[in-house]
Every structure is written in C-alpha cells, then in structure tokens.
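Reader: Hey, I've got this chain open and don't know where to begin. Can you walk me through it?

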Amino acid sequence: MKLRAFATKGFGKEHAKWNPSAAIAFEYDPDNALRHTTYPKPEEWPKSEFSETDEDTAQASYDYKGKPKKFFLNVESAGPLKPETIVLSGINVLKNKLSDLLLQHQQQMAEEALVI
C-alpha cells in the first residue's frame, strides 16, 4: 500500500474542521434586568445557571441605568486545546487586529496631514 498525504494549515473561518471549539456560550445579563431581551412569558423561560434571583422570581426588576458588569463565557473544546488556551488565543488575535487598525489609522491621519 502506498500513501501520499499533504498537511495543510487552515483557519476556522475557512472551514469548520479547523475550528478548535465545539460550542461557545456568552451571557452578560442572566436575570434580564437590562431588558435587552423581552420575553413574552418570562416565567416559562429557563433560569440561567448564573442567575442571582430567587427561584420564584422570573426576572429581575428593570434597571434603566444598569450596564453589564460581569460577562460569562462557556467554552467547549473539540480537540487538544484547553478552553483557556482558545479564549486567550482569541484575545491575542483581537489585540493584534486592533493594534494593526490603530497603526493604519495613524498612518492615514499622517498622510492626510501632509496633503493639507
């Protein structure tokens, strides 16, 4: 038997087979105090595992001045990478992209200043 194989590096945005995570859940208002989601019948919706209200209370009272203070991430890994590694790598990629964007913006502003 003969076998010829080629290794290819890919990214998750190209194909799902290169995505290191199976599922990622994000939550910032488990008690719906900010009302970014309106439920037709709040008592029928399942309570979040991060909820701070009583079992009898369907959702927290409306906080019109409230802002998200805590963010909950649940990362499920689908390969050899640990969830912590996936999140930290994602933060690093985002940091690099924002740094590149800032650099391009500064260069463009410098070029426009020379034109005037």
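**A chat about the chain**

Author: Let's begin with Pro-40, which counts as exposed at 72% relative accessibility. Here buried means under 20% relative accessible area, exposed over 50%, and partly exposed in between (1.4 Å probe, protein chains only).

Reader: Okay, and where does Pro-40 sit?

Author: Pro-40 is in the loop between S1 and S2. Helices (H or I, at least four residues) and strands (E, at least two) are DSSP runs, numbered from the N terminus. The C-alpha atoms of Pro-40 and His-105 are separated by 45 Å, with the two positions 65 residues apart along the chain counted as their spacing.

Reader: Anything I should know about the model itself?

Author: This is a predicted model, with residues numbered from 1 along each chain as its sequence is written. Local features need pLDDT of at least 70 and side-chain atom pairs count only at pLDDT 80 or more, while totals for chains, interfaces and linings use all residues, and side-chain values use heavy atoms, with hydrogens and water left out.

Reader: Got it. What secondary structure does the chain have?

Author: The chain has one helix and two strands. Read from the N terminus, the order of the elements is β-β-α. The chain is more spread out than a compact globule, because its radius of gyration is 22 Å, well over the 13 Å that the globule rule gives for 116 residues. That radius is taken over C-alpha atoms, and the globule rule is 2.2 Å times the number of residues to the power 0.38.

Reader: So what box do the C-alpha atoms fill?

Author: Roughly 70 × 60 × 25 Å, taken along the principal axes.

Reader: And how many of the residues count as buried?

Author: Of the 116 residues, 12% do. The accessible surface of the chain is about 10600 Å², and 56% of that belongs to carbon and sulfur atoms. Those areas come from the Shrake-Rupley method with a 1.4 Å probe, and for residues only the protein chains shown count as cover.

Reader: Which residues are buried, then? Give me an example.

Author: Asn-32 is one of them: it counts as buried at 3% relative accessibility. Asn-32 is found in the loop between S1 and S2.

Reader: What's phi like at Asn-32?

Author: Phi of Asn-32 is near 55°, a positive value in a residue other than glycine. Most residues other than glycine have a negative phi. Arg-35 also has a phi near 55°, and Arg-35 too is found in the loop between S1 and S2.

Reader: Is Arg-35 buried or exposed?

Author: In between: Arg-35 is partly exposed, with a relative accessible area of 26%.

Reader: What does the side chain of Asn-32 pair up with?

Author: A polar contact of 2.8 Å joins the side chain of Asn-32 to that of Gln-59. A polar contact is a pair of N or O atoms within 3.5 Å; within protein, one must be able to donate a hydrogen and the other to accept it, and residues adjacent in sequence count only if both atoms are side-chain atoms.

Reader: Where's Gln-59, and what does it touch?

Author: Gln-59 lies in the loop between strand S1 (21-27) and strand S2 (72-77). Leaving out residues up to four places away in sequence, Gln-59 touches Asp-31, Asn-32, Arg-35, Tyr-39 and Pro-42. Contact means heavy atoms within 4.5 Å.

Reader: How about Ala-60?

Author: Ala-60 counts as buried, at 17% relative accessibility. Beyond residues up to four places away in sequence, Ala-60 touches Asp-31, Asn-32, Ala-33, Arg-35 and Thr-53. The C-alpha atoms of Ala-60 and Pro-30 are separated by 9.1 Å.

Reader: Switching topic: what's in strand S1?

Author: Ala-25 is found in strand S1, and Ala-25 is partly exposed, with a relative accessible area of 39%. Its contacts, not counting residues up to four places away in sequence, are Phe-72, Leu-73 and Asn-74. The C-alpha atoms of Ala-25 and Leu-73 are separated by 5.7 Å, though these residues are 48 apart along the chain.

Reader: And Ser-21, buried or exposed?

Author: Ser-21 also lies in strand S1, and at 14% relative accessibility Ser-21 counts as buried.

Reader: Last one: where is Arg-4?

Author: Arg-4 is in the segment before S1, and Arg-4 counts as exposed at 73% relative accessibility.
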